[in-house]
Amino acid sequence: MPRATLPVPVYELHHLVLPNGLRVVLAPDRSAPVVGIGVLYDVGIRSEPEGRTGFAHLFEHLMFQGSANLEKLEHFRYVQSSGGTFNGSTHFDYTNYFEAMPSNALERVIFLEADRMLAPRITEENLANQIAVVKEEIRVNVLNRPYGGFPWIELPAVLFDTFANSHNGYGGFVDLESATVADAAGFFDRYYAPANAVLCLAGDFDPDNAQALIEKHFGPVPRRDRPVRPDFSEPALQQERRGETHDAHAPMPAVALGYRIADPVGDLDSHLARVLLSEILADGDASRFQRRLVQGDRSVTDIGAYLGEFGDPFDERDPTTFTISAHYPDRDGLPGILAAIDQEITAVADSGTLPGELDRVRTRLASQMYRQLDPVLGRTLSFAKFELIYGRAELLLELSTRLQAVTDDQIRTAAAELAPSHRAVVELIPGGAR
Amino acid sequence: MSAVPALTAPVRPRKLSVSETVLDSGLRVIAVRRPGVPLVEIRLRVPMISGRTAQAAQAVLLGETLLAGTKRLDRAALAGAIASLGADLSVGVDADRLSIGGSVLAPNLPALLSLISEILTDASHAKSEVDGERSRMLERLSIARSQAGVVAREALGRRMYGTHPYALDLPDDSDIAAATPAQIRSLHSRLIRPAGAILVLVGDVTPSRGFTAAAKALAGWQGASQPSRALPLPAIQTAPLLLVDRPGSVQSSLRMGSSALTRLDAGYPALQLANMIFGGYFSSRWNENIREDKGYTYGPHSHIDHGVLGSSLLLDADVATDVTAPALLETLYELGRISSLPVTEAELDAVRQYAIGTLALSTATQAGLASTLSGLIGVGVGPEWLAEHPRRLAKVTVDEVSAAAATYFAPSRFVSVVVGDSATVRTPLERIIDVERSSS
């Protein structure tokens, strides 16, 4: 039988702040000779200037094109020829850069991240090359792909009003082609200050040694002011909004429902209730939407519910989004699908959870969180994100206990937030075969 | 002098201690204690190889309905029971095997194994569930086949392996439509048997506890599978580039394939490293050329795919429509170069470290180690391969890599497919290669 108390993983965390303002989190763990490093800058899609949609992501590419001491291609070659892997990703509220390495490359990888925090090498030639690469990325992931970018590109455009929250984060081609080296220099100067970043190191190292290496390589990066983060919040919607998008490659319609969610950071417990609600509604064959719409009347091919534009509920500050999305075969089926979704949500708001339902989803959710902590890079990026967005890396380890405390009443309140008047509905009209 | 810090002395990973037992039923159980997070990763792999292409559709529907209820538990009750253990299970099917994979909170391992046993011996494959999954599968296949990459992969599969089951990436619609609940239950009864199957457990559990739990929970799963005969993999016949029209496509999906060595071949480490130098990692020649220099693509990749019957070398790149021919030209140039001229020591050193380092990274996690072990053992490679392979990689010479590249990367060995806007790309492609237009 399931055990009543959850086992909780334990990790040791150390904090320091360099004189230039860089916040550092160390999570040593000597069980395998690998280290993860992540640098998160507090700038994302929401901070792009008007006329420069997609710039945060384009800039992420430019950060790999050489730096103070490195020519183009050298960053990749040093990481990989040391036996490591690298990547970066652009989010609505932050941008991350990360490597997983054998532990004998610890100083090398600290140097590599510090060198580009010091000065990325942005040239006309590299900019033109990466604009071309990013356009191919958008073609392969969006323009040439059925349901590409749906709904993360189309839904915010209808759900939100401000440029910051509603624009296409991948960027329009005209905006991307208009980007200049001067734009990049200005963006770097403003947002890539050490005081606007969190560095996290996890894995096989001695904390004192790691601290000395971090001070040696990141210490010389000059202090610059941390930019003031604007208030991106938007008031709750009072009336349902509708929009549609056409997809020439899609063979079947799809729909996305988005609900504005305010301030997950300021009221984490309410937010955890929403996360549990999303699982109750749509996660797995026991969930309410799956039973009603997939297994029951078979009106949808698949359906999901999640928080955060990219499916990570802890990825965004104020605002974030509760999204429900589905593919369905019958082009006239949408009214029935929306009615069924609303009935299921209302049932939770009115009657709460069923016996065993809440325990089931929180046990599974805790277990899924643990699974993400096992890879050294998963720990690195999660600790860094909680330090940046929530101000405390430790919170990550407290989540399973906090989930245990969420009550049936809080789930009902979360469900009541998802009223039709609070949402935007975007319908994808298929133009493909069949 | 370079400002880049030198590497320090490498730390040897802890010796991997892999325990193995065979249950009375013939099920091989492999266990590794890997504490960390309080979970156990589970991989059960049941061979399903067949010479009949129609089995693919039945096997896929068997997989889709395997978790859809037993005599005791209906679909939702089964899913609820799994989730309540802090577990996740999913079923995957390909031409070689059916696999059940997932994870569970460590204290609940025995309970999850009991549920898996119930699924293996008692799955209903009820008519209503098969009917539902059949129509859902047809909808999902239509979504899958609206993707250029899927169209290209299927076209390349047919080009490489003709009518052999390995040519199929996805089942045929007509085979799905024709599959009946009786056929699926019969297939389950014939093939989902413990003799010949492999169970891998990795995580916060000792092997002896894992073995005891597996023996107890799976005692009721008995019998040997009765597979139909597998057909040998046919030799790949060279042919003109196949152009599949996708009107209005803003990119062309280029896919190329040829045969490769298996991991059991003495020449494999050299071929693995040759592949990395060509296109198997970001710092490869192909990527540095057509992405980082020319900006034709978001990223080309080459990789070696391992099946029970053989291995394949596969190249893929999605390139802007208007540079389709130039991208092919650069690809043929890089293939010609690596198969005609020696690689350098510096290139070899880089990929050697990358291969050794990423193997250590991928097996440093519970899930990565479980999947790697299951994949190796499933194609007949023992777990000792993991410890031995870095030593083999360390010994590979420039001459061996160059020789492997000369044989396996020769452009004349590959069959090729382009899915794209034929009206725009056909004439430019015909200037550099023989092109055959797809009739479909």
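User: What makes up the area buried between domain 1 of chain B and domain 2 of chain B?

Analyst: In this predicted model, the area buried between domain 1 of chain B and domain 2 of chain B is about 2,500 Å², and carbon and sulfur atoms give 66% of that. On the side of domain 1, B:Arg34, B:Leu156 and B:Arg159 supply 24% of the area buried against domain 2, more than any other three residues.

User: Where do the two domains of chain B lie in the sequence, and how many residues are in contact?

Analyst: Domain 1 covers 19–217 and domain 2 covers 241–437. Their centres, taken over C-alpha atoms, are separated by 29 Å. In contact are 30 residues of domain 1 and 34 residues of domain 2.

User: Why is the pair B:Glu436 and B:Arg159 called a salt bridge?

Analyst: The closest N and O atoms of B:Glu436 and B:Arg159 are 3.0 Å apart. The cut-off for a side-chain nitrogen of Arg and a carboxyl oxygen of Glu is within 4 Å, so the pair qualifies. The count between domain 1 and domain 2 of chain B is 1 salt bridge. As for polar contacts, the rule finds 12 residue pairs across this interface, both residues at pLDDT 80 or more.

User: Which elements of domain 1 give two or more residues to the side that touches domain 2?

Analyst: They are strands S2 (28–33), S3 (39–47) and S6 (198–203), together with helix H5 (148–161), of chain B. H5(B) gives the most, with 9 residues.

User: What is the make-up of that side by class?

Analyst: The side of domain 1 of chain B that touches domain 2 has 17 nonpolar, 5 polar and 8 charged residues.

Terms used
Residues numbered from 1 in each chain as written. Chains lettered and ligands numbered in written order. Predicted model: local features only at pLDDT ≥ 70, side-chain atom pairs only at ≥ 80, totals over all residues. Heavy atoms only, no water. Domains from an automatic or database assignment. Contact = heavy atoms within 4.5 Å. Buried area = accessible area lost by both parts, 1.4 Å probe. Polar contact = N/O pair within 3.5 Å; in protein donor to acceptor, adjacent residues only side chain to side chain. Helix = DSSP H or I, 4+ residues; strand = E, 2+ residues; numbered from the N terminus. Nonpolar A, V, L, I, M, F, W, Y, C, P; charged D, E, K, R; others polar.
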